[in-house]
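Colleague: I have not seen this structure before. Could you take me through it?
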Amino acid sequence: MGSFSALLDGFATAAQPEYLLYALLGVTLGTAVGVLPGIGPAMTVALLLPLTYTLEPTAALIIFAGIYYGGMYGGSTTSILLNTPGESASIVTALEGNRMAKAGRGAAALATAAIGSFVAGTIATLLLTALAPTIADLAVQLGPADYAALMVLAFVTVAALLGSSPVRGLASLALGLFIGLVGTDTLTGQSRFTLGVDTLADGVDVVVVAVGVFAVGEALYVASRLRHGPVEVVPVGGKWFTREFWSRSWKPWLRGTFIGFPIGTVPAGGADVSTFLSYAAEKKLSKRPEEFGKGAIEGVAGPEAANNAAAAGVLVPLLTLGLPTTATAAVIVAAFQSYGIQPGPLLFTNNSAMVWALIASLYIGNVMLLVLNLPLVKIWVKVLQIPRPYLYAGILLFAALGTYAVNFVVDDLVVLLVIGVVGFFMRRHGYPVAPLVVGLILGPMAEEQVRRTLQISEGDLSALVTSPFAAVVYAVLAVVVVVAAVVRVRRPKAAAAVEDKTPTAV
Amino acid sequence: MISEKVEEYVFGGLVAALGVFTLVDATTIVVRGSANTVGPRAFPYAVGALLVVTGIAAIAATARGKLGEAEEAEDIDTHVRTDWLTVAKLVAVLVAHLVLIDAVGWPVAAAVLFAGAAWTLGATWWRALVVAVVLALVVQVVFASGLGLSLPAGIFEGVPLLDG
């Protein structure tokens with residue numbers, strides 16, 4: 001069966017009223033958590049995991065995909081209307097979009113972000129549809145050593161290449177890997193690092209860790225330096241449906257898409273990099289570079305498109321290789337696993353109907369998101385104004401509820417609190433939290449692949465690097481690390497201050 | 001600034017200490033089977049080593065003046081001092097929540113958590129309490145009736161709608 005007809009079947013499934021409702025629920029929740037500071041898509045998916053156990057996997061994954069895409073749309077509304085950037089990927093949008101809003105052109109900024117996200121999301125989903133089955137076919141031939149190499153690549157890029165401090169990124173990764181070790185060894189059944197505590201014998205649940213580090217850690221951190229007083233929102237002004245709007249926006253949308261998608265697909269750490277590249281490209285190509293920094297619409301259109309295209313790109317390695325490169329993707333892998341489904345090359349063969357319904361729902365979700373974020377943007381402005389004491393009290397309540405609902409044992413709440421406190425100190429001292437979550441989920445998978453490789457090779461360590469594919473991956477990794485180190489040394493400090501924002505709610 | 005530097009040393013030190021614990025505890029993992037395959041100890045050794053190295057490197061970076069950049073977010077006012085009292089109160093409220101679940105049931109524990117947290121963060125106490133009670137009861141009913149997962153009702157045991 002060709003992938004086109006498979007996609008049509010997917011649409012037939014996803015267009016059933018029931019699934020449309022799930023998609024709508026997902027994108028609405030996603031936009032809400034994208035708009036609200038303090039909650040990100042990773043945490044939302046983690047929180048909803050225990051509550052969706054009663055649903056069938058297709059329905060749950062459609063909701064999660066909606067949250068994932070929706071979070072990207074919602075984040076831009078916040079960064080345009082509040083002058084305090086939230087989601088890391090939206091920072092450059094804040095730079096230009098916020099200036100536009102303050103100059104009375106808020107409507108145009110919101111519109112170019114929403115339509116740009118739609119254009120990019122749709123094109124990128126088309127690219128995903130075209131590429132994913134082919135990559136999955138090729139990926140079937142990869143052996144354990146090749147997977148181990150890809151995972152090492154993901155570890156290094158997520159931990160060391162993003163963020164301002166490679167050392168702190170790697171420390172965060174190591175913490176995640178350690179938490180991943182706790183429990184029973186899958187291959188030999190030996191218990192490790194359980195300290196004799198029964199609750200830990202099954203390992204630390206991904207939900208508990210993700211919710212602890214994102215929700216509790218974030219709430220404690222915000223509480224320690226809460227901005228008091230009413231939330232200041234820039235009023236939405238101006239007209240957007242003008243000839244100038246379209247003529248200045250469409251090229252940045254397309255350029256952003258084609259910058260964002262490839263960066264999302266390689267394990268180079270999601271959306272941040274792509275938005276900065278798109279911003280730089282637009283600034284260079286613009287006939288009015290002097291407007292940048294003062295509210296240039298191209299500086300919103302390009303990065304927003306790049307952001308969404310990268311988000312779709314991240315789904316390529318996620319679905320075809322089972323390789324998450326962002327915290328949200330890592331939590332989605334955990335969601336797949338909780339249904340006994342391992343994302344990877346066999347997904348398109350074994351769970352074909354489900355994965356195509358999921359992809360079809362991405363197209364549908366994008367249309368829904370355009371409606372939710374263009375004509376209905378006023379609603380989200382209201383959501384943005386929720387008084388902060390209630391917002392963070394609510395985050396804590398639902399964090400505790402989501403954690404408790406995993407196993408209905410109070411011990412999990414103790415673990416949640418401990419991890420929340422760790423997350424609080426990590427934020428205080430510039431340790432990014434995304435590597436921790438990626439390490440937690442990929443760590444056990446990487447260990448398994450390495451040990452399988454060495455079982456086959458009877459302990460010969462060279463087997464890890466002699467597979468041609470693995471060798472290429474390590475070579476690329478070496479080049480990237482060297483280039484990154486050189487760039488880091490040479491880059492002027494001022495530029496570093498703008499470019500090196502540690503991921504917050506990704 | 002001085003205290004932040006001390007905190008960074010302590011955090012780096014704790015990461016390294018966890019690494020040492022990992023290395024030591026890994027030696028107690030039981031290994032069975034043939035010698036030429038990699039057992040359950042190898043990966044823990046690697047993770048332990050990475051923890052030790054990154055922990056020490058973080059301390060070294062701090063000593064050279066490369067402090068971690070505190071994360072920014074929408075609701076963060078970077079110009080104010082850390083409000084430790086608020087953090088301590090929130091932790092206390094969370095502890096109260098997890099103690100109360102088994103003692104008096106989820107609805108009461110949840111109301112305490114929400115009202116306590118909202119009040120700590122600056123909400124008017126009676127308004128926070130009203131919202132908390134309504135929210136806790138609504139969630140309890142939704143869980144008991146809709147999701148097929150029942151939260152412990154505690155003092156409301158046997159009450160229709162609240163006890164699933």
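Modeller: One term is needed beforehand: buried area is the accessible area, with a 1.4 Å probe, that two parts lose on being put together, summed over both. Please note also that this is a predicted model.

Colleague: What area is buried between chain A and chain B?

Modeller: About 7,000 Å² is buried between the two chains, and carbon and sulfur atoms give 70% of that. On the chain A side, the residues that lose the most area to chain B are Arg225(A), Tyr390(A) and Leu397(A), together 11% of what that side buries.

Colleague: And how many residues does the contact take from each chain?

Modeller: Chain A contributes 80 residues and chain B contributes 76 residues.

Colleague: How many salt bridges are there between them?

Modeller: There are two salt bridges between chain A and chain B. In a salt bridge at 2.8 Å, N to O, the side chain of Arg168(A) meets that of Glu8(B). Seven residue pairs are in polar contact across the interface, both residues being at pLDDT 80 or more.

Colleague: Which element of chain A gives the most to that side?

Modeller: Helix 16 of chain A does, with 14 residues. By class, the side of chain A that touches chain B has 46 nonpolar, 19 polar and 15 charged residues.

Colleague: A change of topic: is Leu319(A) buried or exposed?

Modeller: Leu319(A) has a relative accessible area of 2%, so it counts as buried, the cut-off being under 20%. Leu319(A) lies in helix 11 of chain A, residues 298-321.

Colleague: Which residues is Leu319(A) in contact with, leaving aside neighbours within four places in sequence?

Modeller: Among them are Phe336(A), Pro343(A), Leu347(A) and Ile359(A).

Technical notes: Residues are numbered from 1 along each chain as its sequence is written. Chains are lettered from A and ligands numbered from 1 in the order in which they are written. Side-chain values use heavy atoms; hydrogens and water are left out. Contact means heavy atoms within 4.5 Å. A salt bridge is a side-chain nitrogen of Lys or Arg within 4 Å of a carboxyl oxygen of Asp or Glu. A polar contact is a pair of N or O atoms within 3.5 Å; within protein, one must be able to donate a hydrogen and the other to accept it, and residues adjacent in sequence count only if both atoms are side-chain atoms. Helices (H or I, at least four residues) and strands (E, at least two) are DSSP runs, numbered from the N terminus. Ala, Val, Leu, Ile, Met, Phe, Trp, Tyr, Cys and Pro count as nonpolar, Asp, Glu, Lys and Arg as charged, and the others, Gly among them, as polar. Buried means under 20% relative accessible area, exposed over 50%, partly exposed in between (1.4 Å probe, protein chains only).
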